[in-house]
Amino acid sequence: EGPIAGSRLSPWGTPAITSTRARSFQEAMMETVQGFSLRATPNPSSNHFTLFTKSDRKETITLTITDVMGRIIERRQNIAANGTVEFGNKYRSGLYFVEVRQGEKKQILKLIRK
């Protein structure tokens with residue numbers, strides 16, 4: 001006997017669903033639970049980051065970028081809830097965290113600058 005192929009396995013205690021359906025379900029849950037979703041590309045980056053935001057609310061977003069020491073590198077306020085933001089052109093190489101707030105909701109992304 002050989003090992004069981006990964007395509008034949010599903011997580012213990014959860015129903016088996018296709019990857020496309022799982023991704024859609026996860027995206028829907030993120031939007032439902034957190035109210036907004038984020039994506040930063042490229043990450044890691046050697047020049048700048050582009051942050052894509054999507055929200056079901058019109059309330060503006062605030063970005064706070066900190067370094068690993070917790071120092072605030074940049075803060076931007078009153079950003080449209082759905083759109084893109086570029087930043088990081090002059091950042092040094094290292095690890096950064098971008099905190100995105102919309103009202104009471106908050107998400108944090110880890111960014112790597114090469």
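**Figure 1. The whole protein, a predicted model.** Of the 114 residues of the protein, 28% count as buried, where buried means under 20% relative accessible area, exposed means over 50%, and partly exposed lies in between (1.4 Å probe, protein chains only). This is a predicted model, in which local features need pLDDT of at least 70 and side-chain atom pairs count only at pLDDT 80 or more, while totals for chains, interfaces and linings use all residues. Residues are numbered from 1 along each chain as its sequence is written, and side-chain values use heavy atoms, with hydrogens and water left out. You can find one helix and seven strands here; both are DSSP runs numbered from the N terminus, with at least four residues (H or I) for a helix and at least two (E) for a strand. Read from the N terminus, the order of the elements is α-β-β-β-β-β-β-β. About 8200 Å² of the protein is exposed, and carbon and sulfur atoms supply 52% of that area; the accessible areas come from the Shrake-Rupley method with a 1.4 Å probe, and for residues only the protein chains shown count as cover. Among contacts between residues at least 6 apart in sequence, 51% join residues at least 24 apart, a contact being heavy atoms within 4.5 Å.

**Figure 2. An open sheet of four strands.** In which order do the four strands of this open sheet stand? The order is E4-E3-E6-E7, and the pairing is antiparallel; two strands pair if DSSP finds at least two bridges between them. Strand E4 (72-79) and strand E7 (105-113) stand at the edges with a single partner strand each, so one side of each has no neighbour in the sheet. On average, neighbouring strands of this sheet are turned by 15° against each other, direction ignored; the axes behind such angles are lines fitted to C-alpha atoms (for helices over the stretch in contact), and angles run from 0 to 180 degrees between N-to-C directions. Strand E6 (residues 94-102) is joined to E7 by nine bridges, and the two run antiparallel. One place to look is Glu99, whose bridge partner in E7 is Ile108. As a general reminder, strands of a sheet pair through backbone hydrogen bonds, either parallel or antiparallel.

**Figure 3. Two residues of strand E4.** Begin with Ile72, which is found in strand E4. Is Ile72 buried, partly exposed or exposed? Its relative accessibility is 48%, so Ile72 counts as partly exposed. Leaving aside residues up to four places away in sequence, Ile72 touches Thr64, Ile65 and Thr66. The C-alpha atoms of Ile72 and Val98 are separated by 9.8 Å, although their positions lie 26 residues apart along the chain. Now move to Asn78, also placed in strand E4. Asn78 is exposed, because its relative accessible area is 63%. Its phi is near 55°, a positive value in a residue other than glycine.

**Figure 4. Strand E2 and its partners.** Strand E2 (residues 49-55) is mostly covered, with five of its seven residues buried. Six bridges connect strand E1 (residues 36-41) to E2 in an antiparallel run, and E2 also pairs with strand E5 (residues 83-87) over five bridges in the antiparallel sense. Phe52 is a good residue to follow: Phe52 is the bridge partner of Arg39, and Phe52 stands opposite Thr84 in E5. The charged end of Arg39 sits over the ring of Phe52, 4.5 Å from its centre; this label requires NZ of Lys or CZ of Arg within 6 Å of the ring centre and within 35 degrees of the ring normal.

**Figure 5. Two cis peptide bonds.** Where does Pro42 lie? Pro42 lies in the loop between E1 and E2, and a cis peptide bond with omega of about -20° joins Thr41 and Pro42. Pro44 has its place in the loop between E1 and E2, and a cis peptide bond with omega of about 10° joins Asn43 and Pro44.

**Figure 6. Aromatic rings in a cluster.** How many aromatic pairs does a search of the whole structure find? The search finds three; rings of Phe, Tyr and Trp (its six-membered ring) pair if their centres lie within 6.5 Å, with planes under 30 degrees apart counted as stacked, over 60 as edge-to-face and the rest as tilted. Phe87 and Tyr91 form a tilted pair, 6.4 Å centre to centre with 50° between the planes. The rings of Tyr91 and Tyr96 have centres 4.9 Å apart and planes at 35°, so this pair is tilted. Tyr91 is buried at a relative accessible area of 9%, and Tyr96 is buried at 8%. Phe87 is buried as well. One aromatic cluster is formed by Phe49, Phe87, Tyr91 and Tyr96.
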